[in-house]
Structure formats: structure tokens, C-alpha cells
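Please report on the charged and polar side chains of this protein. Set them against its overall make-up.

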Amino acid sequence: MNNNDNNEKFIDVESLPVDKGQQVAWENCFQNSNSYVEPKKKKGRGLRILGKIAGVLVLTMIGGAVGSAATYSLMKTNNVAATKQITSYIPQSFTASTPDAMSAADAFNKVAPAVVIVSTKGSSNSGFINGEVEGMGSGFIINEEGYILTNYHVIANAKEITVTLSDNTEVSATVVNYDQKKDIAMLKLKDGTKVPAVAELGDSDQIYPGAEVIAIGTPLSKNFAQTLTKGVISGSNRTIEGENGESVNLIQTDAAINPGNSGGPLVNAKGQVIGINSMKIGSDASGSSTPVEGIGFAIPINEVKNKIDALSKPILNLGIQIRELDSATAKKYDLVEGIYVSSVEEYSPAEKGGLKIGDIIVKCDGKESKTFDELKAIKESKNAGDTMKIEVIRDKKTVDLSVVLEEKSN
């Protein structure tokens, strides 16, 4: 399921939440021989020999210095990066002989009770499918209040969401908030639901290639609920371009991740969630998408932790669509750099606050807000009922507005 927005030109403000090296050493060793006997020949010959030896040594040292400089220059020119020295106190193997290391079975038994199936119903008019569509993914419970982390693409366009807990209980859930750019979403079980378990979040910075992990989820259908796949970290800090054209930082793993696994946890040898299983990619020579075995990706949990508070708050409605005006575009059209308001929803907080099509937002709450991310950061810090002081340029004049934020209706 894909969000039907225009990612190239217009951004809907409501579509996102309110988020050694190689060191070359040259060492010259010289030992004086204590058995040396000077030949009894012409005076000064010994001195000449020593002079030649000294000259050779000088040339050798000069050569060493030049060689070192050349090597350094070559490294610098070709941007040879230093190999990062990784020190981790987290066990990297399920068979590690450390007190806090678990077997893969124990890690599964610790996390699996918190893993859920996310079933959705929505509508589609893509041309290929017209009418109601169903989808399925995975997720995991992060607190006793019943909040669940999953992927945004799992719940995109969903009108109805049902969560199946690890004890097979089916419970309705609602979307609290989401960040489409990062492909993460927060769900909440209906009030009063008893959660079977809570997943422990780990440290995704304490992993490196070769570290063993397991992925837990429900691939393909509910018949395969609570499936465990095991593998290793194939690479960290992979920059991948998603379907919406945004570049994201991901963990690469060879643990099998299949349709339905999306939103489930990637778990380390301590039984902690270090990633949210996100996607499996591949393409053939023609550029068409084809399955590639052994290449899966997960969102690092450290990139989600600092968003949990914002994601746990309801989506706040502003009611505008915008387009960023960079300095070059602004100069071309004799405008100012900022956020161009391309549309305003009827009866929205923006309309009530006086925002109009053609306004260019330049400040919010006294802070420079000339990009979507800057505006979003301020919006994320607010609650329903809070006021945003927005400064806009209208007809080349500064206008100050006050917009009272409201919760967005589902």
C-alpha cells in the first residue's frame, strides 16, 4: 500500500508526524659491528668508507620519508578511510560464552510474546485493484499501554486495523502517528487490552558485520505466525533510496525477510530489538524488481528511539500543502526563500488562523522555518490546543498569524 501523495512537488504536512587506517611506519635499524678491523692501508680510506655508509643511510632515510609522504598523499587523495575500531559489550553470537548471551531459542522466547500480526483493510483505486484491499504485516509491543511499532507502509491507507496478539487474541487498533519518510508508524491497542509482553529495545550502534541476529514476524500468511529466521549483520549504515525517493539509513542482514515480516523485530544475541524489519530489495538487468535472496533491511532502532515520544502523540492537523522554495527558485520567481503554501483545507486550523494560498512561511514561534523539516520539528513539539505563531510573507509584506492545532481525525 502506498500513500497517494506527490513526493516530487508537493508535501502534505499531515502526511508526516508532529519527529587506523593503514599507518605506514618506516624504521631504520643500524648496528655497529664490534669486530670491525680497519685495514692498514692509506689514511682516510676508513673515513671515506664511513662517509659512503653515512651517505647511503641518509639516502635511505630520505627515501623512507619520501615513501611515507607519498603513501600518505595517495591515501589522502583516494580517501582511504580508517578502519573503525569497534568495542562492544553486547554479545554478538548466540553461542557466545558470556553471562548475558542467549541461545537463539531463548532470544526468541523472550521477544516473540511481544510480536503481533497487523492486519489491515483499506481501499485502492490504483487501476489494477479497485475496491477493498487487505494487507498484513508485523509489529511489536513497546510498553504496557499497548503501543506498537511497525512500518508505515504496513498501515498506509488502512481504514481498519486488527492486531493479533501472540496468544491469538484479536484486538482492534488505531494509528496514533507515523513518519512516512522513515517508514515507521505507532499503533495503539484499544483501551483495556492486557498486553502479553513488552519487547526490550537495544542499541543498534553496538552491531557490526558478522554479528548474529534473528528476525521474527509473520511472512506470507497467518499460518506462518511467529516465524523465526536467523542470520548475520551483512552491513550497517547502508544508505538506500526508498520508494518515495527519500534516502534512509538501514541495517543489512541475510536473515530471511519476506512479505509480512515488515514491521517485525530484528533481535540481537541479548534478546533485544535492534531494528525494525523493513524491506527486501532487488532488480534485474531491465530494472524490474525481482527477489534477491540474502539481502534484507531493517531500520536501526536508535533512529526510532528519539521519535517514540512524538510518535506516541496524536497527529496534529495544520491543514496545508506546501512546497519548499530554495534560494535559486525564489530568485527566479522574485520571491523569498521559505515554505510556499500551495493549498489550504476548508475549516482547517490553517484556514481558521488566516493562512492563504501563496503565503510563504519563513518563521514559526520566532524560529527560522524555511524548510519542511524545520516546520515539522516545531509541530512535533506541540500538543492539540497549542498555538503556532507563524510569520509569512504575503505580497512582499510580513504578516503574523496564530494557528491553533487540532488532532487530525482518522
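The report below goes from the whole chain to single contacts.

**Overall make-up**

This is a predicted model. The protein has 410 residues, and 41% of them count as buried. Its secondary structure consists of eight helices and 21 strands. The accessible surface is about 23000 Å². Carbon and sulfur atoms account for 50% of that surface.

**Salt bridges**

The count is 13 salt bridges. Three of the pairs are tabulated here.

| Pair | Closest N to O |
|---|---|
| Asp179 and Lys307 | 3.5 Å |
| Arg394 and Asp359 | 2.7 Å |
| Lys370 and Glu368 | 3.8 Å |

Take Asp179 and Lys307, joined by a salt bridge. This pair ties together distant parts of the chain, 128 residues apart. Asp179 sits in strand 6 (residues 170-179). Lys307 lies in the loop between helix 4 (302-305) and helix 5 (308-311). Both Asp179 and Lys307 are buried. A network of salt bridges links Asp179, Lys307 and Lys376.

Next comes the salt bridge of Arg394 with Asp359. It too links distant parts of the chain, here 35 residues apart. Arg394 belongs to strand 19 (residues 387-394). Asp359 is in the loop between helix 7 (349-353) and strand 17 (360-364). Is Arg394 buried or exposed? Arg394 counts as buried, because its relative accessibility is 19% and the cut-off is under 20%. Asp359 is buried as well, with a relative accessible area of 1%.

Lys370 and Glu368 also meet in a salt bridge. Lys370 is partly exposed, at 26% relative accessible area. Glu368 is partly exposed too, at 48%. Glu368 does not count as exposed, because that class needs over 50%.

**A buried polar contact**

Which side chain does Gln272 join in a polar contact? The partner is Glu200, and the contact is 2.9 Å. Gln272 is located in the loop between strand 11 (265-267) and strand 12 (273-280). Gln272 counts as buried, since its relative accessibility is 7%.

**A negative patch**

Glu324, Asp326, Glu337 and Glu374 form a negative patch on the surface. Where is Asp326 found? Asp326 is in the loop between strand 15 (320-325) and helix 6 (327-332). Its relative accessible area is 41%, so Asp326 is partly exposed. That value also meets the patch requirement, because patch residues must have over 30%.

Note on methods: Residues numbered from 1 in each chain as written. Predicted model: local features only at pLDDT ≥ 70, side-chain atom pairs only at ≥ 80, totals over all residues. Heavy atoms only, no water. Patch = residues over 30% accessible without salt bridge, like charges linked within 9 Å, V, L, I, M, F, W, Y side chains within 5 Å. Areas by Shrake-Rupley, 256 points an atom, 1.4 Å probe, with all protein chains shown as cover. Salt bridge = Lys/Arg side-chain N within 4 Å of Asp/Glu carboxyl O. Lys, Arg positive; Asp, Glu negative; His and termini not counted. Charge placed at Lys NZ, Arg CZ, Asp CG, Glu CD. Helix = DSSP H or I, 4+ residues; strand = E, 2+ residues; numbered from the N terminus. Buried < 20%, exposed > 50% of the residue type's maximum accessible area, 1.4 Å probe, protein only. Polar contact = N/O pair within 3.5 Å; in protein donor to acceptor, adjacent residues only side chain to side chain.
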